[in-house]
Amino acid sequence: MSEQQENTQQKPGFISMVVSVLAAFLGVQTEKNRHRDFQHGNPKAYIIIGVVLTILFVLGLVGIVNLVMASAA
């Protein structure tokens with residue numbers, strides 16, 4: 001079995017799942033990674049990571065807007 005086949009059969013780690021979710025946010029997920037995620041990943045973990053990253057994104061935007069509004073006044 002080749003090294004590439006072994007990599008696609010392993011369960012993705014936490015960092016790999018976060019990178020996959022971020023790539024999906026941007027719409028640049030590779031077919032190989034998408035296939036790995038659907039074959040070996042836990043859907044609940046991806047959903048939780050997606051929700052947490054979305055909340056962090058929204059809070060970041062709110063913080064930036066508040067910072068800009070405070071400096072404009």
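A salt bridge is taken here as a side-chain nitrogen of Lys or Arg lying within 4 Å of a carboxyl oxygen of Asp or Glu. In the predicted model described here, the side chains of Arg-36 and Asp-37 satisfy this criterion, with a separation of 2.9 Å from N to O. Both partners are buried, since that term applies to residues under 20% relative accessible area: the value for Arg-36 is 13%, and that for Asp-37 is 9%.

The count of salt bridges under this rule comes to two, and another pairing is that of Glu-31 with Arg-34, for which the closest N and O atoms are 2.6 Å apart. These two residues belong to helix α3, which spans residues 31-40, and because they stand three residues apart within that helix, about one helical turn separates them. With respect to the solvent-accessible surface, Glu-31 is exposed, having a relative accessible area of 53%, whereas Arg-34, at 38% relative accessibility, is classed as partly exposed. The pairing of Glu-31 with Arg-34 thus involves an exposed residue and a partly exposed one, while the pairing of Arg-36 with Asp-37 involves a buried arginine and a buried aspartate.

As to the overall architecture, the chain contains four helices and zero strands, and its elements follow the pattern α-α-α-α when read along the sequence. The chain has 73 residues, of which 19% count as buried. When contacts between residues at least 6 apart in sequence are considered, 78% of them join residues that are at least 24 apart. The accessible surface of the chain amounts to about 5800 Å², and 68% of this area belongs to carbon and sulfur atoms.

A nonpolar patch on the surface is formed by Leu-22, Phe-25, Leu-26 and Val-28, which together have about 420 Å² of accessible area. Among these residues, Leu-26 is located in helix α2, a helix that covers residues 14-26. Leu-26 counts as exposed because its relative accessibility is 69%, the cut-off for that class being over 50%. The model therefore presents, in addition to its two salt bridges, a surface patch of nonpolar residues that includes the exposed Leu-26.

Conventions. Residues numbered from 1 in each chain as written. Predicted model: local features only at pLDDT ≥ 70, side-chain atom pairs only at ≥ 80, totals over all residues. Heavy atoms only, no water. Buried < 20%, exposed > 50% of the residue type's maximum accessible area, 1.4 Å probe, protein only. Contact = heavy atoms within 4.5 Å. Areas by Shrake-Rupley, 256 points an atom, 1.4 Å probe, with all protein chains shown as cover. Patch = residues over 30% accessible without salt bridge, like charges linked within 9 Å, V, L, I, M, F, W, Y side chains within 5 Å.
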